[in-house]
Amino acid sequence: MSAHVHRRLAALAASSPPPSALFYARLFHALAPGLHDAAHALALAFLANHQPYSAIHLLRDSTGLESLDQDLNRIAEPTAKPCYACALIVAKACDHLGRYTEGQAVLARALKRCPVTNIIFPSPVSSPATAHLLLATLSQKSKATETAVDSYKKALEEDPWLWEAFTGLCDIGAHPSVEQLFPIPTSHPLSRSNTSRSSRPPLSPNLHRQKSPADLAPGILRAQGSGSNGNSNVPSNGGGLFTPDVGGAERKLGMLGNTSAWDTSSVMGDSTFALTSEPQSKRPFPTFMSQATSFLPSSLRGGTSTPANPNISDSPPKLQIKRARGKDVKKAAETPQNQMGPLARELRPNGAMRGLDDDGIVRRSSRLKTGTAKPIATKPTARSVRSRSAASSASTDIPSPPASAQSQSSQAQAQMQAQAQAQAQEALLQSAADDYLRDIVRKCAKAYRSLSMYQCEQALKDIDLLPNELKTSAWALDILGRAFYEMANYTMARQAFAFLQQLEPYRLQSMEQYSTLLWHLDDLPMLSHLSQTLISISRTSPQAWIAIGNSFSLKGEHDEAMRCFRRATQVDPGCAYAWTLCGYEAVEMEEFERALAFYRTAIRTDTRHYNAWYGMGLVYLKTDKPAYAEHHFKRAVEINPSNAVLLCCVGMALEKSDDIVQAIHYYELASRYAPHSPMVQFKRIRALVSLQRYDEAILALEPLTHTAPDEANVFFLLGKCYLKRDRRAEATKALTMARELAPKLEGAINSVFLANGDELEEKD
């Protein structure tokens, strides 16, 4: 059944719009990594989505050119026999990049050393679904959200496989029902005897494929079971959770393992484009049909079949001789020739219809064969005047047709039955393949929908349900990296993005989040390397300028960072994240009005960009406008309700408005999503101290000193609570520890001792 799944994915990749084609091509290549046609489909999808470097990198081992990756200092070994299709795709990519000499060398080498084969380039089908998709895209860019939502829904009604329409609805915020788009099929006839308890359909392509040792999502979920929502409790030895199978020969280019394996030849480079196991025609079993119809008589070759009639015997009807009188005339009239089927007329021995074709014209071969034969006498003879009993007995003495005609008839019927069975089996296999593919797309849609709703843990669980071949695919790693990033689990997110870059070193999508992740981790060398790589790939991409701006921001050069972020907004005015980063840099330079202008532009660009709402709330919080800050923080929480940082910001705004009880409610809600975050726990404890609930604060602070032993404010607050309960010895110990961690707190510590803990203002 794998061939049917591959055929369907290839058709979707060839006929869908470019973003949808890239999604299905990635699925195709992940499910069939050793299939040359899958690599061609993915490379063509890269070209359609303006990613020529990725197309060259994917096919470089099958082109025979050594210097295709000279921009990033990767050298490919020449193959003995290049693939013509790969060379043609690479030549087109070189033409797009302006590398004409290399493209000419690749194509010339392929024309000399391999036969020219036909390759089908993607051609998106123009349909009502694509028209609605275009209308939705234009409406979304013109801020007509309702029209965009309606057009996206109509596009999905016309074509549920239009992946771009589904992601567009999720990005707008009108999340469609996955079960309605891709309903779970009932039990298939082919799989009724094979009942599986798992959610994966029993009929899966590559049933005997070796299982990858990187059960990616299950390992991740086990690793983040204790600290998935926090960024400080991730174990440092979690790198093995993302380690894919590098020992199997099916992986291309060794990209999932050691980087030295990039210089080895690929297994796919030894095959040619013409060698394929799939039929070239869309009709099922064309070879069998051409052989089967050659045995049929001419009357059945025109596409019409003889209806099966159980009342008609297998042998042709006996010849009726014309009688001159009596009931013999009636018998002859009861058997007209128009009552005999075409097969009976064709096989009638010595009949007048034998030499005629379908139009009733006498064939030349029939005239040559019957030219010297004596025709059957039709005039009454002496024997015809016998008695009625003798005539009736004579009519039954006509010899039966020869054995060769009967064998030819039975052989034709057997061929027809075999053809019907083959077509039925083909239809069942294709239906099972469609159900299996629909199940995969449904799981991918659930993961994307969960991530767009910022239900990150659910997105990880949805990725866990994918087949093992897809768990380590580029699409799945992108979802994992973004989910861990939104959960502030930067260590696991970094591992996901690192493996994603190994799979697709020329990737630009989601690299702005990867650069911000490195900014949070203070990894300046890696951030500088990433920015140099992205700018060498495309100088007109916002991701490259965002990475460079993050590098300058990490070094404290906020003016240069602002210039880079502004450059990102110039190359892509619709990049809301670039406008938001401009606002952050303006806040660092204490230009609050300018920061508000940048944030408002980001919100106009994308109303669901919660970072801009969060930035405006920070500005209002810094300018002592807690009511405005609370409003903007709550708008951000409406978009991303599971973000602990946003919930804490709402609590901080409420604290400044002297609504401590409501602030504690938001702090407790934040602690549910980040139970191991010291920052969330500390803010909640500080609110408890404000309400003079010292006993509860002490019970929460004592374990926090072990969780965050380097935080001076934790020991300082614990010492003040001890003083309030007249536990001066313990207070002295805690305050001494705080002074050792932060000597600048010595003045505050002395004032607290003198006031017996009444000084509740601490210096951060």
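Trainee: At roughly what angle do the axes of helix 18 and helix 20 cross?

Mentor: In this predicted model, helix 18 covers residues 456-464 and helix 20 covers residues 474-486. Their axes come within 9 Å, and the crossing angle is roughly 155°.

Trainee: Is helix 18 roughly parallel or roughly antiparallel to helix 20?

Mentor: Angles over 145 degrees count as roughly antiparallel. The axes cross at roughly 155°. Helix 18 and helix 20 are therefore roughly antiparallel.

Trainee: How many nonpolar residues does the contact of helix 18 with helix 20 have?

Mentor: Helix 18 contributes Cys-456, Leu-460 and Ile-463, while helix 20 contributes residues including Trp-475, Ile-479 and Glu-486. By class, one residue is charged, no residue is polar, and the nonpolar residues number nine.

Trainee: Is the crossing of helix 2 and helix 3 left-handed or right-handed?

Mentor: The axes of helix 2 (residues 18-31) and helix 3 (residues 36-48) come within 8 Å and cross at roughly 155°. That angle makes the two helices roughly antiparallel. Their crossing is left-handed.

Trainee: Which helix gives the largest share of the largest nonpolar core?

Mentor: The largest nonpolar core has 158 residues, and Trp-475 and Phe-166 are among those with the most contacts inside it. Ten residues, the largest share of this core, come from helix 17 (residues 403-452).

Trainee: With which residues is Phe-166 in contact, leaving aside its neighbours within four places in sequence?

Mentor: Phe-166 is among the residues with the most contacts inside the largest nonpolar core. Beyond those sequence neighbours, its contacts are Leu-156, Pro-176, Val-178, Leu-181, Ala-445, Tyr-448 and Arg-449.

Methods:
Residues numbered from 1 in each chain as written. Predicted model: local features only at pLDDT ≥ 70, side-chain atom pairs only at ≥ 80, totals over all residues. Heavy atoms only, no water. Core = buried A, V, L, I, M, F, W, Y, C linked by side-chain atoms within 4.5 Å. Buried < 20%, exposed > 50% of the residue type's maximum accessible area, 1.4 Å probe, protein only. Helix = DSSP H or I, 4+ residues; strand = E, 2+ residues; numbered from the N terminus. Contact = heavy atoms within 4.5 Å. Axes fitted to C-alpha atoms, helices over the stretch in contact; angles between N-to-C directions. Parallel < 35°, antiparallel > 145°, perpendicular 65-115°, else oblique. Left-handed = near helix turned anticlockwise from the far one by under 90°. Nonpolar A, V, L, I, M, F, W, Y, C, P; charged D, E, K, R; others polar.
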